[in-house]
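Q: Could we go through this model together? I would like to begin with confidence and then turn to the fold.

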Amino acid sequence: MPVISSNKPYRVGRSKTGLGLFATKPIKKGTKIIRYFGPMLDCRKKKDDDVENKYLFQINGRWTIDGSVRKNTARYINHACRPNAESDVNSRKRTVFIRAIKNIAPGEEINYDYGTEYFKEYLKPIGCKCAACEKKRAKQRAEARAEKAKEKLKAQKKAAKSKPTKAKSTKALKTAKSVKASKAGTKAGSSKATRASSRRTAEYARSASSGARPGPQVESTARESHGTVLRSDGIRA
Ligand SMILES: [Zn+2]
């Protein structure tokens, strides 16, 4: 005889976290779907109290169901923070039934909330993989992405704001250059430029001969590099 007979409204199937229990027929809200069962453990007995596995279902201060047995198909039901079923515990009879708290459609995974203790011990450390938690994480990721995009846009806007000045200065420089070039085109301008350049050469030659040349050169290099640092700072800010 198969463990899961076909007249049951569920089957074991692959879920995101391994195996799970899935509805094969519409299950009405309030329906007892399956019993969670197994050997009864008495915590007053040391042997029972020492049993440890992920399928222990505590009924009350004394009794716990060891649901790790193969026959207990309900052990395949996964936890969900926003479940479509719940565990209905009868403490006096020491029975547990999983009952639908929503109408469940065929194909839908059946799940119930395992409770705070289980969540803290087993799920929180690895991150709960239930649909609600996955959705929450996806939302958080989307929000983080949006925030990042916003920051990027802000930085781009800031860069764009400082760019026009730079472009302007480049343009001004170009204009000055072209003016110079056009001036150079004229005879007077050309001779002026030649004179200026020759003067500078003479100056350098003079300082070189006096041994003072390295001085100004070093100074100008230092100034230039300082300017570069400042400029890159400006870009970074
Ligand atoms: Zn969850």
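**Confidence and fold**

Q: Which element has the lowest mean pLDDT, and which the highest?
A: Among the elements of the protein chain, helix α5 (residues 214-236) has the lowest mean pLDDT, 44, and β9 has the highest, 98. Here pLDDT is the predictor's confidence in each residue, from 0 to 100. Helices (H or I, at least four residues) and strands (E, at least two) are DSSP runs, numbered from the N terminus.

Q: Over which residues is the pLDDT below 50?
A: That applies to residues 178-237, a stretch with 10 contacts in the model beyond near neighbours in sequence. Two residues are in contact if their C-beta atoms, placed from the backbone, lie within 7 Å.

Q: And the chain overall?
A: The mean pLDDT of the protein chain is 78, with 66% of its residues at 70 or more. This is a predicted model: local features need pLDDT of at least 70, side-chain atom pairs count only at pLDDT 80 or more, and totals for chains, interfaces and linings use all residues. Residues are numbered from 1 along each chain as its sequence is written.

Q: How many helices and strands are there?
A: The protein chain has five helices and 10 strands.

Q: How is β1 joined to β2?
A: A hairpin connects them through two residues. Strand β1 (residues 10-15) runs antiparallel to β2, with six bridges between them, and Ser 15 lies opposite Gly 18 in β2. Two strands pair if DSSP finds at least two bridges between them.

Q: What is the strand order in the open sheet?
A: The three strands are ordered β4-β6-β5, with antiparallel pairing. Because β4 (40-42) and β5 (56-58) are at the edges with a single partner strand each, one side of each has no neighbour in the sheet. Three bridges link β4 to β6 (residues 63-66), and Met 40 faces Ile 65 in β6.

Q: Changing topic, which residues of the largest nonpolar core touch the most other members?
A: They are Tyr 10, Ile 33, Tyr 36, Ile 77, Ile 98 and Ile 110, out of 21 residues. Such a core is a set of buried Ala, Val, Leu, Ile, Met, Phe, Trp, Tyr and Cys residues joined through C-beta atoms within 7 Å. Buried means that 20 or more other C-beta atoms lie within 10 Å of a residue's own, placed from the backbone.

Q: What is Ile 33 in contact with?
A: Leaving aside neighbours within four places in sequence, the contacts of Ile 33 include Pro 9, Tyr 10, Ile 98 and Ile 110.

Conventions:
Buried ≥ 20, exposed ≤ 12 C-beta atoms within 10 Å, placed from the backbone.
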